[in-house]
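Here is a short tour to read with the sequence and the model side by side. Please have your viewer open as we go along.

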Amino acid sequence: QDNDVSLQLQWVTQSQFAGYYVALDQGYYEDEGLNVTILPGGPDIAPPQVLAGGGADAMLNWMPSALAARERGLPVVNIAQPFKTSGLMLTCWKDTGIESVEDFRGRTIGVWFFGNEYPFLSWMAQAGIPTDGGPDGVTVLRQGFNVDPLLQRQADCISTMTYNEYGQVLDAGVNPDELITFMYEDQGVATLEDGIYVLEQNLEDPVFVEKMVRFVRASMKGWKWAEENPEAAGAIIIEYDETGAQSEAAQVRMMQEVAKLTAGSNGALDPADYERTVATLLGGGSDPVISAAPTGAWTHLITDQALN
Amino acid sequence: MKSLFPILTIVAAILVIWVLAVVPMNMHLTADQAQRDGLMVMPQTPAERQGYSGLGLSFANAGLIPLTYTLDRPRLPSPHQVAGEMWETIALRNVTSRQSLVYHGWVTLSATLVGFAIGTTLGILLAVGIVHNRAMDMSVMPWAIASQTIPILALAPMIIVMMGQFGIQGLLPKAVISAYLSFFPVVVGMVKGLRSPDAMQMDLLRTYYASSSQGFWKLRLPASVPYLFASFKIGISAALVGAIVAELPTGARAGFGARMLVGDQYGNPLVTWAALFAAAITAAALVAIFTAMERLTLRRMGMAAA
Amino acid sequence: MTGPALISVLAVWVVGWFINARLAVSRMSDARIIRVLVPVIFGLTLLLIWELLVRMTGVSPIVLPPPSMIAERFANSLPILWVDFEQTIVKGAMTGYVIGMICAFAVAVLADRSDFLTRGILPVGGFMAALPIVGIAPIFVKWLGSDWESKAAVVAVMVFFPILVNIVAGLRDTSAMQRDLMRTYGAGYWQTLFKLRLPAAMPFIFNGLKIATTLALIGAIVAEFFGSPTVGMGFRISTSVGRLALDMVWAEIVVAAIAGSTLYGAVAWIEGRVTFWHPSQRK
Amino acid sequence: MTADTVISAQGLNLTFQTNDGPVHALKDVNLDIRKGEFISFIGPSGCGKTTFLRCIAGLETPTDGTLSVNGMTPDQARRARAYGYVFQAAGLYPWRTIGGNVKLPLEIMGFSKSEQAERVARVLALVDLAGFEKKFPWQLSGGMQQRASIARALAFDADILLMDEPFGALDEIVRDHLNEQLLALWARTEKTIGFVTHSIPEAVYLSTKIVVMSPRPGRITDVIDSPLPKERPLDIRDSKEFIDIAHRVREGLRAGHVDD
Amino acid sequence: MTADTVISAQGLNLTFQTNDGPVHALKDVNLDIRKGEFISFIGPSGCGKTTFLRCIAGLETPTDGTLSVNGMTPDQARRARAYGYVFQAAGLYPWRTIGGNVKLPLEIMGFSKSEQAERVARVLALVDLAGFEKKFPWQLSGGMQQRASIARALAFDADILLMDEPFGALDEIVRDHLNEQLLALWARTEKTIGFVTHSIPEAVYLSTKIVVMSPRPGRITDVIDSPLPKERPLDIRDSKEFIDIAHRVREGLRAGHVDD
Ligand SMILES: Nc1ncnc2c1ncn2[C@@H]1O[C@H](COP(=O)(O)OP(=O)(O)OP(=O)(O)O)[C@@H](O)[C@H]1O
Ligand SMILES: Nc1ncnc2c1ncn2[C@@H]1O[C@H](COP(=O)(O)OP(=O)(O)OP(=O)(O)O)[C@@H](O)[C@H]1O
Ligand SMILES: Cc1ncc(C[n+]2csc(CCO)c2C)c(N)n1
Ligand SMILES: [Mg+2]
Ligand SMILES: [Mg+2]
């Protein structure tokens, strides 16, 4: 059916994806005549793979991962970029004595892999710090899905999202002044996060394009609503969370933080952000994430129509 | 029921060890928290405390011991915390609520049962083929063993993506993974069972000039029933594990697996532990059901007392 | 699926099966080469079908790579595969296997001293064995850190129960007559254990050890999904999925299958040496 | 070979190929069995008694020589269900009642339901097991189980009955009793019976003809015709005639016996 | 009870508690066995032969009555390793060679290594198994296995030998042969032998005294002293005397036998 859209998320239902759930809940998709299915992600669900397998029409992805997929021969294209700012950061114990990036040498740092390691690796490459665990470099831990490695001091620093894991560290009773954080944005190594991607060949189909226009329009409407109504958006997330294990307070807080990241975006990709992301990734030293600047990795085709 | 008392004894012993272990396991976190709350903690900085073992730190801060039992995010929750969480999510919630472990149990169980049905059917068919066809016997068995050395968690996302490609979502992909884990014990057990009639019993049928299908229905199949039940009992717990594993990459929406993952990701260990125990209890109950069915069937077949 | 693909797949299947069917009923079907050849041909047939299907139906290699691509990746990544193998199998799985085995022996001998303990330990052990690995793995990672120690612990827990059950069953497998014989000699508990019950239990014990090999592998790999250093088979599988390097994922799966089958074979080989006397080992 | 010969073996040879080389289980066996005879095969372990019986039953194929059963090849005779076979152990299926076990061959041979019931009742009565139809094998003593297995072989009323040490596992008293009953049955039904045994008294008590066999290679060393009357009370075994035949059988056995 | 009584049972009773209620396995058993006697126990299945032997061996505890072995309680006698016990099946440990099996009791009783080797060689020669020391049980025939198990019981040279149907599973010829050897051994060593059997000829051929037992409740119904000379060639079994005793035993058995 040609009004059906399925969207593959990168993680389980949470406020990181509030815009879409709000659009669904508030009937924005319906208003556009769309029948949208949101597919939550999970560990080891690779959205590009789902897209390649035809399991979804569109996916959310971090741009480094999407560009890497593109180089691997899966031509995905960014059609919209609701997240303007990166929420990724490293959170460290202050009492370890870490004050600057240089102090990472000899430390153990938790990093998410699964396509989310690219920003970190580029950063370290630019800072000239090896990641092979030598005395001069950092020892990288493949971080699981929680903040325990930090709390239990198995790692000196871990990766956190401003909107999620950082809050969990605080929830565990840690005071912000016990911690020192390194925002990727502040380090000049920020890469674009949650963007909407589709397969390139689908964009040759005017029907699909038209469908995506409506989808992006409704989604952005959802995002803006969520930014303005974080409490309500958190409640909506709780409503859609089938596990029943999420707490509303945490989701509301997450929404408040996410709102800061989506605030600067109307949905259209800012080419300058794109160029910065590519530059960061290409600066990846001996083992760069992408070997050449990609072409055609994004388009304003959809947003131009959607935002009119 | 003469096993009840020994079981209770062992359970009691484990509970005692568990309760004792809570203190050293949680002491570092407790000490950190106590310090933030302005209590006196020895030694004074978290970094120094890292040098201590949990036990050592407990001796240094005996006064903090009660607090180790009430942490919100313990490394090792105390038994009463887990029991409390289970009581709350099993007994106090409406069974249709998403907060109810009964609801999640049903989500997992339905995939388990479908997967088990597929797995056992496949396993039995394969066993029949192996027993009746020499080529199949020689070809399939080594690969069946190799198939079980493949980490299912690695295959699960691929299976789910591939099935998603054909528009199959929801229960079925989970069931397929659960079937993958449960077919093997059934094949092994059934091959053994179908081959359990001795040469004399087989010869007897030859003297009657019985066809091979008569041999199957009148001899091999009934003879394999005890083996079948043994396989069922292993297969059903394997199927449950499969369904739980499959719940992680299916979008971790609902079910025991989803609860375990989400409990872990959002720093809620009690949710994880409660789901873990609920899953083990479910497995035990399923096995118990098959044990009862086994007893009933064998008694009806006249094989119970033999 | 397209017509030609279907036809060629069917053709490959028919040819492969025909060869095997002939070999299986041939006069030399008991010869060692045939016993090896038949499963190999079967495997090759499946691989060929896989290759054909992937190539002819145009499935993206990001979803399912063809075997040829996996083989190429395997050949080109031997050093990485080797360090992953060391980390996961040698450090994680083997250590855990040995620890689990030793614990199982200790508990079995303890339980064996009294019927009361056996009655209590077996059901409780069965209950603990039913705790799903995806639940216990994160807990052990939390307790013991991301490196191989937590993997070894997961493996030890997974293999403990099947081995224990088999030892206990094996120790009970002596006939009343064999035990009475020892009584007529006025033999003590340990004499009876070492001279009668342990040797008699060996076929059971090896049964448990064989089951445990595959469990050990799966346990070590799966536990890495919940936190690990940047090496190891589970780490590589998970990261490679994220990087869409499915050929690497399958190369690791091949390593797992080879390692698993080899370990299984090794245990079976030792079993053959130790239980040479058992009817199932005699020709 | 006369007109009423039912089983005839001429120059029968059978060699098993084993890992330790060929085993000559039967060598140059010649034997004619006439209708209504009760013929016992006796000999030490491994002399080929079972193998010979299995050849007759078409369960084993001789490497050489000819063998005919009711004028057919053994395999044809098997397909024609020409004989009932009783194994050493009762071998009843534990999941079937006694009645169900006896019914088994009838089901396989496609007898009608009513015919099945009727025959089961008749043969169970014949072996003194009327009333035990609904019991499971483990609820019966060893002797009763063995009687049930004989009933099973009788159910489809073949003319030939082949029995391979049917009473080997039973105690002497029960065995005596079953021997008596078997004789009575034989007298009543006029079946041809081939009977393998290890026991000299049993062979002498039952048979019209005793075939003494010897191992390595398995062969017939003596064929002794019994002059005992058809009517045989149990204490015929204390008679001079009986003891003489037994003595002759024992001598025959001893001669062929290779110490192990 | 005279001075040379080695085993003495007075008013022995043993009741097993089973799910189906109590089983009276031994009722009022009185028996004295003198040194050097060869005493056989015969009777139908379930009459308590095994149970009685096990009581003597201290493997079973009587519910009532007194039993002494070598002047001790059976349990003391067991710990003093006063007897060798031979079971119905050879029951050799398959993972030990023949030599290793015979050595087993010696290892347990702590004989020195050299003594072990010497005794193994001696008893294996005694049962005609010299040269088979390195073989595994399954490489031997049933008769040879049974001889090995007798060697095992003889290895530590107890004065009493208790044998529970040791030849039950063997064929008649092999059995004859072992009976002959057993008699020779007994004559040479002057051991006291308690022997359980189902076979009337075997009991008569071997014993100086035959104890006939009867089931439900298990009890002694007859004790027959054998007038046969100590020297017994195998064909003594065709003698009038032998047949008379056998007849008496059979009558005794029949009287006590309840048909199953
Ligand atoms: N299927 C077989 N394969 C190989 N050898 C066999 C097979 N069946 C029997 N034999 C051998 O053939 C010989 C005769 O065996 P058979 O079973 O006929 O002896 P038997 O007289 O019935 O002995 P028993 O009294 O022990 O039953 C023996 O040496 C035996 O080992
Ligand atoms: N451990 C036991 N528990 C319950 N009942 C027993 C036990 N051992 C023997 N019996 C019963 O005691 C009775 C005597 O048994 P026993 O084994 O002594 O007989 P037997 O004369 O040796 O018979 P057989 O010739 O069959 O060996 C039987 O009814 C038997 O069922
Ligand atoms: C193995 C694995 N690691 C990370 C992610 C995805 N991911 C994307 S953003 C984020 C932080 C969410 O708060 C996480 C965890 C995944 N899907 N699988
Ligand atoms: Mg035989
Ligand atoms: Mg007995």
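Helices and strands here are DSSP runs, helices of at least four residues (H or I) and strands of at least two (E), numbered from the N terminus. With that in hand, let us begin with one chain of this predicted model.

**Chain C**

Reading along the sequence, you will find the pattern α-α-α-α-α-α-α-α-α-β-α-α in chain C. That amounts to 11 helices and one strand. The C-alpha trace of chain C spans about 75 × 55 × 30 Å along its principal axes, and 53% of the 283 residues of the chain count as buried.

**The second largest pocket**

Chain C also helps to line the second largest pocket, which holds about 2100 Å³ of space. Which residues lie nearest the centre of this pocket? They are B:Ile150, B:Leu155, C:Leu46, C:Trp50 and C:Trp250, out of 49 lining residues.

Several helices of two chains each supply at least two residues of this lining. From chain B come helix H5 (101-132), helix H6 (134-147), helix H7 (152-165) and helix H8 (171-194). From chain C come helix H2 (32-57), helix H3 (67-76) and helix H11 (246-274). H2(C) gives the most to the lining, with 11 residues. By class, the lining of this pocket has 41 nonpolar and eight polar residues, and no charged ones.

**The surroundings of ligand 2**

Now turn to chain E and ligand 2. There are 13 residues around this ligand, and E:Ser45, E:Gly46, E:Lys49, E:Thr50 and E:Thr51 come nearest. The table gives polar contacts made by an oxygen atom of ligand 2.

| Residue | Partner atom in the residue | Distance |
|---|---|---|
| E:Cys47 | polar backbone atom | 3.2 Å |
| E:Lys49 | N or O atom in the side chain | 2.8 Å |
| E:His198 | N or O atom in the side chain | 3.1 Å |

How much of ligand 2 does the protein cover? On its own, ligand 2 has 630 Å² of accessible area, and the protein covers 63% of that. Strand E1 (5-18), strand E2 (21-34) and helix H1 (49-56) of chain E are the elements that give two or more residues to the shell. H1(E) gives the most, with three residues. By class, the shell around ligand 2 has four nonpolar, seven polar and two charged residues.

To set the two sites side by side, the lining of the second largest pocket has no charged residues, whereas the shell around ligand 2 has two.

Note on methods
Residues are numbered from 1 along each chain as its sequence is written. Chains are lettered from A and ligands numbered from 1 in the order in which they are written. This is a predicted model: local features need pLDDT of at least 70, side-chain atom pairs count only at pLDDT 80 or more; totals for chains, interfaces and linings use all residues. Side-chain values use heavy atoms; hydrogens and water are left out. On a 1 Å grid over the protein atoms alone, a cavity is a set of points where a 1.4 Å probe fits but cannot get out, and a pocket is an open set with protein on both sides within 12 Å along at least five of seven lines; lining residues have an atom within 4 Å of a point. Grid points are joined across faces, edges and corners, and a volume is the space filled by probe spheres set on the points. Ala, Val, Leu, Ile, Met, Phe, Trp, Tyr, Cys and Pro count as nonpolar, Asp, Glu, Lys and Arg as charged, and the others, Gly among them, as polar. A residue is near a molecule or strand if one of its heavy atoms lies within 4 Å of it. A polar contact is a pair of N or O atoms within 3.5 Å; within protein, one must be able to donate a hydrogen and the other to accept it, and residues adjacent in sequence count only if both atoms are side-chain atoms. Accessible areas come from the Shrake-Rupley method with a 1.4 Å probe; for residues, only the protein chains shown count as cover. Buried means under 20% relative accessible area, exposed over 50%, partly exposed in between (1.4 Å probe, protein chains only).
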